[in-house]
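Colleague: I've got a new model open and I'd like to learn how to read it. Can you walk me through it?

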Amino acid sequence: MPKLLISLPDAGEVVHELSGASITIGRVEDNTIQIDDASVSSHHAELTLDGEDYFLRDLGSTNGTQLNGQPFTQGKLQGGDHVRFGKIDAVYESKAPASPRPLPTQQEPAHVQAASSSSRPGDFANASPFQKKGKKKDASATATWAVAVVAILAFVASALVIVSVEAPRF
């Protein structure tokens, strides 16, 4: 028996065993499967039994239906298909063997043009997590500090000599 596993944000995964000839999916209570989410239309989609599997048809929903990540309006479901009703994800499970689906076609961009020039904006800041290289030290500043340290040491040494000299005894 086919199943529809619906992943709800608050309730987790809910399993619906599909048994009727026609099953409606939507936000309001009169649907066979009710999905209480604002992204799901009041009457979002309909499942109709077609052999061993179900045929899915979008009922003109506001946020649309997707099948395996592609926009979808109608078609037959196969086991393992990922269906999205608005923002709600579901997986269709079936015991019937699935036939291979064609790969989606890649669409070329409408108009692509290379940039004629590129320049760094004036307020650009480096977003790298690595630190910048250190700035080069100024040789004259280093020399000034060295002279200051030597002068301080000379002053301290002369103060110690003066203090340690004994006064003459008479």
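**Reading the sheets, core and surface**

Modeller: Let's start with one pair: L5 stands opposite V91 in β11. Before we go on, this is a predicted model, where local features need pLDDT of at least 70 and side-chain atom pairs count only at pLDDT 80 or more, while totals for chains, interfaces and linings use all residues. Residues are numbered from 1 along each chain as its sequence is written, and side-chain values use heavy atoms, with hydrogens and water left out.

Colleague: What makes two strands a pair, and over how many bridges do β1 and β11 pair?

Modeller: Strands of a sheet pair through backbone hydrogen bonds, either parallel or antiparallel. Strands here are DSSP E runs of at least two residues, helices are H or I runs of at least four, and both are numbered from the N terminus. Two strands count as paired if DSSP finds at least two bridges between them. Strand β1 (residues 3–8) and strand β11 (residues 88–93) are antiparallel, over five bridges.

Colleague: Which order do the strands of that sheet take?

Modeller: It's an open sheet of six strands, β2-β1-β11-β10-β7-β8, with antiparallel pairing. β2 (12–17) and β8 (70–72) are at the edges with a single partner strand each, so one side of each has no neighbour in the sheet.

Colleague: And how are the five strands of the other open sheet ordered?

Modeller: That order is β4-β3-β5-β6-β9, and the pairing is mixed. The edge strands, β4 (33–34) and β9 (74–76), each pair on one side only. β6 and β9 are antiparallel over three bridges, and F55 has K76 in β9 as its bridge partner.

Colleague: How many residues does the largest nonpolar core have?

Modeller: A nonpolar core is a set of buried Ala, Val, Leu, Ile, Met, Phe, Trp, Tyr and Cys residues joined through side-chain atoms within 4.5 Å. Buried means under 20% relative accessible area, exposed over 50%, and partly exposed in between (1.4 Å probe, protein chains only). The largest core has 20 residues, and L4, L18, I33, I35, L47, L56 and F85 have the most contacts inside it. β11 gives the largest share, three residues.

Colleague: Is F155 buried or exposed?

Modeller: F155 counts as exposed because its relative accessibility is 60%. You'll find F155 in helix α1 (residues 139–164).

Colleague: And where is N63?

Modeller: N63 lies in the loop between β6 and β7 (65–67). With a relative accessible area of 46%, N63 is partly exposed.
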